[in-house]
Amino acid sequence: MRKTRSLEQWRSIIEEQQASDLTITDYCHQNALSKTTFYAARSKLNTESSSFV
């Protein structure tokens with residue numbers, strides 16, 4: 001079943017992954033996340049943060 005997350009939730013997930021010593025692949029596997037969705041959310045967050053220059 002698909003779980004919908006807000007951008008704030010993705011921001012927290014991405015920060016958790018960066019704080020861990022896990023690769024994105026390992027982190028996504030351990031947390032039952034799609035790597036494709038992880039990368040898409042990260043890209044969207046990066047795009048949004050750069051538009052507030």
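Here is a walk through this predicted model, starting at helix α1 and moving out from there.

Let's begin with α1, which runs over residues 7-19. Its 13 residues reach 18 Å from the first C-alpha to the last, close to the 18 Å expected at 1.5 Å a residue. Which of its residues are buried? They are Trp-10, Ile-13, Ile-14 and Gln-17. These four cover an arc of only 95° around the axis, so they sit on the same side of α1. The spacing fits a general rule: an α-helix has 3.6 residues a turn, so residues three or four places apart point the same way. Look at the face turned away from that buried side and you'll find the exposed residues Glu-8 and Ala-19.

So what covers the buried residues of α1? The cover includes α2 and α3. Ile-14 gives a good view of the α3 part: setting aside neighbours within four places in sequence, Ile-14 is in contact with Phe-38, Ala-41, Arg-42 and Leu-45. Gln-17, also in α1, is worth a stop too. Gln-17 counts as buried because its relative accessibility is 8%, and the cut-off for buried is under 20%. With the same neighbours left out, within four places in sequence, Gln-17 is in contact with Leu-22, Thr-23, Ile-24, Tyr-27 and Phe-38.

Now for the core. In soluble globular proteins, nonpolar side chains tend to be buried together. Here the largest nonpolar core has 10 residues: Trp-10, Ile-13, Ile-14, Ile-24, Tyr-27, Cys-28, Leu-33, Phe-38, Ala-41 and Leu-45. The elements giving two or more residues to this core are α1, α2 and α3.

Next, the largest pocket, which holds about 240 Å³ of space. It is lined by 13 residues, and the closest to its centre are Arg-2, Lys-3, Arg-5, Trp-10 and Thr-37. Trp-10 is a name to recognise, as it also belongs to the largest nonpolar core. Two elements, α1 and α3, give two or more residues to the pocket lining, and α3 supplies the largest share, with 4 residues.

Last stop: Asn-31, in the loop between α2 (24-30) and α3 (35-50). Is Asn-31 buried, partly exposed or exposed? Its relative accessible area is 37%, so Asn-31 is partly exposed. From Asn-31 you can also look along to Ser-50, 19 residues apart from it in the chain, where the two C-alpha atoms are separated by 28 Å.

Methods
Residues numbered from 1 in each chain as written. Predicted model: local features only at pLDDT ≥ 70, side-chain atom pairs only at ≥ 80, totals over all residues. Heavy atoms only, no water. Buried < 20%, exposed > 50% of the residue type's maximum accessible area, 1.4 Å probe, protein only. Expected span 1.5 Å × (residues − 1). Arc of directions from axis to C-beta. Contact = heavy atoms within 4.5 Å. Core = buried A, V, L, I, M, F, W, Y, C linked by side-chain atoms within 4.5 Å. 1 Å grid on protein atoms, 1.4 Å probe; cavity = no way out; pocket = protein on both sides within 12 Å on 5 of 7 lines; lining within 4 Å. Points joined across faces, edges and corners; volume = space filled by probe spheres on them.
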